[in-house]
Amino acid sequence: MVGEAGVGKSRLLWEFMRSHRTHGWLILESGSVSYGKATPYLPVIELLKSYFMVQDRDGQREIQERVAGKLLILDRALEPLLTPLLALLDVAVDDAAWAVLDPPQRRLRTLEAIKRVLLRESQVEPLLLIFEDLHWIDSETQALLDGLVESLPATRLLLLVNYRPEYQHAWVSRTYYT
């Protein structure tokens, strides 16, 4: 994991993504925007749309087919994660067990679903996740990143982030953080 602050932070990430070091890696990128703190998971949703190849013009059925198809090809054991992922992508889900969950339970299931998919994907091919402008990040995306950071040593996942100096995180003491 690399955190970078200062002039040219986006350029540094751009150069790294296009270097020979990332040849053969799946690269997913997202960024926070100044108004993004008001929208939970906004950078994560954009990242997942890219991963599942979902376009803004896609209808609910198309989104469901793309997410289910990719998820089941990746690992059939991930099928139970379909509901929280579709709900996050604003697709109506017909799941009675999901409907009765309270918001904290849904949050936990959503965070776990995203993390499990990304970690499973990193077993198939090395995964580079890029999140820009963390100083504008929402609390749900922060929770996901915090959970991913805990798993980094055991994965083929590189998390590249950039942020302004005022951004604070709990990763600085990690031996695998630079």
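Colour the chain by secondary structure and follow the elements of the protein from the N terminus on: they run β-α-β-α-α-α-α-α-β-α-β. The model you have open is a predicted one, and its secondary structure comes to seven helices and four strands.

**The whole chain**

Switch to a surface view before selecting anything in particular. The protein exposes about 9,700 Å², of which carbon and sulfur atoms supply 53%, while 46% of its 178 residues count as buried. If you draw a contact map and keep the contacts with a separation of 6 or more, residues 24 or more positions apart account for 73% of them.

**Helix α2**

Select residues 42-51, which form α2. Eight of the ten residues of this helix are buried, so α2 is largely enclosed by the rest of the structure. Display the side chains of L42, P43, V44, I45, L47, L48, K49 and Y51 to see the buried residues of α2; a lysine, K49, is one of them. To find what lies over these residues, add β2 (26-31), α3, α4, α6, β3 (127-132) and α7, which are included in their cover.

Now centre the view on P43, which is found in helix α2. Is P43 buried or exposed? Its relative accessibility is 2%, and P43 therefore counts as buried. Leaving aside residues up to four places away in sequence, P43 touches S30, G31, S32, F131, D138 and T141. For one of these partners, D138, a distance can be checked in the viewer: the C-alpha atoms of P43 and D138 are separated by 8.6 Å, although the two residues are 95 residues apart along the chain.

**Two loop residues with positive phi**

Continue along the chain past α2 to M53, a residue whose phi is positive, near 55 degrees. M53 lies in the loop between α2 and α3 (60-74), and because its relative accessibility is 54%, M53 counts as exposed.

Then select D90, in the loop between α4 (82-88) and α5 (96-99). Phi of D90 is near 65 degrees, again a positive value in a residue other than glycine. At 64% relative accessibility, D90 counts as exposed.

**Helices α6 and α7**

Select residues 103-124 and residues 139-151 together, that is, α6 and α7, which pack at an angle of about 45 degrees with their axes 10 Å apart. That angle makes α6 oblique to α7, because the oblique class takes in angles that are neither under 35 degrees, nor over 145, nor from 65 to 115. The crossing by which α6 passes α7 is right-handed. On the α6 side, show R107, L111, I114, K115, L118 and L119, and on the α7 side S139, E140, A143, L144, G147, L148 and S151, since these residues make the contact. Sorted by class, the contact of α6 with α7 has seven nonpolar, three polar and three charged residues. As you turn the view along a helix axis, keep in mind that an α-helix has 3.6 residues a turn, so residues three or four places apart point the same way.

**Last stop: S122**

Stay with helix α6 and select S122. Which residues does S122 touch, not counting residues up to four places away in sequence? They are L127, T155, R156 and L157. With a relative accessibility of 2%, S122 counts as buried.

How values were computed
Residues numbered from 1 in each chain as written. Predicted model: local features only at pLDDT ≥ 70, side-chain atom pairs only at ≥ 80, totals over all residues. Heavy atoms only, no water. Axes fitted to C-alpha atoms, helices over the stretch in contact; angles between N-to-C directions. Left-handed = near helix turned anticlockwise from the far one by under 90°. Contact = heavy atoms within 4.5 Å. Nonpolar A, V, L, I, M, F, W, Y, C, P; charged D, E, K, R; others polar. Buried < 20%, exposed > 50% of the residue type's maximum accessible area, 1.4 Å probe, protein only. Areas by Shrake-Rupley, 256 points an atom, 1.4 Å probe, with all protein chains shown as cover.
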